[in-house]
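Subject: Handing over a structure, with notes on what was found

Dear colleague,

I am passing a structure on to you, and since you have not worked with it before, I have written out what was found in it. Please keep the sequence and the coordinates open while you read.

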Amino acid sequence: MTSSIWLFGYGSLIWRPDFAFLSNRVAWVDGWSRRFWQGSHDHRGVPDAPGRVVTLIPAPGDRCGGMAFEIDADVATGIFEQLDYREKNGYERYQSPLVFDDGSCIDGIFYVAGEDNPAYLGAASITRIAEQIKRSSGPSGSNEEYLRNLADALRQHAIDDEHVFSIERSLQ
Ligand code: BEZ
């Protein structure tokens with residue numbers, strides 16, 4: 001039997017995984033909330049004008065929905081090296097249980113940019129976050145495209161996230 005590792009995506013990985021996987025399923029991580037609190041100087045902004053991308057913040061009682069990808073253990077090291085490079089701007093790997101819609105659970109890995117990383121921007125009002133997203137753009141494209149891709153992907157998988165959807169409404 002192939003041994004596998006589960007990687008949880010809650011941001012761009014949901015709509016652009018960019019790696020080979022054996023299967024994928026909607027999953028949840030308990031005790032975390034998704035927030036547009038991480039600065040992006042290298043993808044959706046530039047050093048003088050960073051954009052905002054998502055990270056997870058500890059939030060007892062809340063949960064974050066995303067996509068869990070089952071990866072063949074034989075190729076996992078290469079995939080993590082590629083992601084470590086792609087997300088080099090402050091993200092670190094965490095390990096935690098992933099909960100599936102049927103209630104079953106498996107250990108998974110996800111990336112978190114904590115408040116001590118240099119690119120961290122932290123909390124701001126929904127209006128301010130939307131304004132920053134509206135004006136930001138970087139080598140990977142506009143920050144608004146990132147937000148809209150994320151909101152569309154969440155809707156497609158029936159994952160509710162008031163933080164993301166309220167920023168989207170603020171952009172209209
Ligand atoms: C993700 O889509 O889960 C992701 C977010 C930040 C860094 C790496 C991956």
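The notes below go from the barrel to the helices around it, and then to single residues and aromatic rings.

Please bear in mind throughout that this is a predicted model.

The barrel

The barrel is closed by 5 strands, which follow one another in the order 1-3-2-4-5 with mixed pairing. From one strand to the next, the twist averages 40 degrees. Strand 4, which covers residues 91–100, and strand 5, which covers residues 105–113, are paired in the antiparallel sense over 9 bridges. Within this pairing, Arg93 stands opposite Tyr111 of strand 5, and Gln95 stands opposite Ile109 of that strand. The hairpin that strand 4 and strand 5 form has 4 residues between the strands, and Gly103 in this hairpin takes a positive phi near 90 degrees. Strand 4 also pairs with strand 2, again in the antiparallel sense, over 2 bridges, and here Phe100 of strand 4 is the bridge partner of Ala27.

The helices

Helix 2, made of residues 73–86, lies across strand 1 (4–9), strand 3 (51–72), strand 4 and strand 5, and runs at about 140 degrees to strand 3. Helix 4, made of residues 143–156, lies across strand 2 (23–40) and strand 3, and in this case the angle to strand 3 is about 70 degrees.

Helix 3 deserves a separate look: which of its residues are buried? In this helix, which spans residues 126–135, the buried residues include Ile129, Ala130, Gln132 and Ile133. Because these four cover an arc of only 165 degrees around the axis, they fall on the same side of helix 3. Arg128 and Arg135, on the other side of helix 3, are exposed. The cover over the buried residues of helix 3 includes strand 2, strand 3, helix 4 and helix 5 (162–171).

A buried glutamine

Gln38 belongs to strand 2, and with a relative accessible area of 0% this residue is buried. What does the side chain of Gln38 reach? The partner is the backbone oxygen of Asn89, at 2.7 Å.

The aromatic rings

A pair of aromatic rings is described by the distance of the centres and the angle of the planes. There are 11 aromatic pairs in the structure. One of them is formed by Trp15 and Tyr146, which meet edge-to-face at 5.5 Å centre to centre, with 75 degrees between the planes. This pair links distant parts of the chain, since Trp15 sits in helix 1 (residues 12–15) and Tyr146 in helix 4, 131 residues apart. Trp15 is partly exposed, with a relative accessible area of 24%, whereas Tyr146, at 6% relative accessibility, counts as buried.

Trp32 and Tyr94 also form an edge-to-face pair, with 5.4 Å centre to centre and 90 degrees between the planes. Because Trp32 lies in strand 2 and Tyr94 in strand 4, the pair ties together parts that are 62 residues apart in sequence. Here Trp32 counts as buried at 12% relative accessibility, while Tyr94 is partly exposed, with a relative accessible area of 36%.

Ring pairs also link Trp32 and Tyr94 with Phe8, Tyr10 and Phe110 into a cluster. Phe110 has its place in strand 5, and is it buried or exposed? At 0% relative accessibility, Phe110 counts as buried. Leaving aside residues up to four places away in sequence, Phe110 touches Leu7, Phe8, Val29, Trp32, Leu56, Glu92, Arg93, Tyr94, Ser96 and Leu98. Among these neighbours, Arg93 is the residue already mentioned as standing opposite Tyr111 in strand 5. As for Asp160, which is 50 residues from Phe110 along the chain, the C-alpha atoms of the two are separated by 19 Å.

With kind regards

Terms used: Residues numbered from 1 in each chain as written. Predicted model: local features only at pLDDT ≥ 70, side-chain atom pairs only at ≥ 80, totals over all residues. Heavy atoms only, no water. Pairing = 2+ DSSP bridges. Axes fitted to C-alpha atoms, helices over the stretch in contact; angles between N-to-C directions. Contact = heavy atoms within 4.5 Å. Buried < 20%, exposed > 50% of the residue type's maximum accessible area, 1.4 Å probe, protein only. Arc of directions from axis to C-beta. Polar contact = N/O pair within 3.5 Å; in protein donor to acceptor, adjacent residues only side chain to side chain. Phe/Tyr/Trp six-rings, centres within 6.5 Å; stacked < 30°, edge-to-face > 60°.
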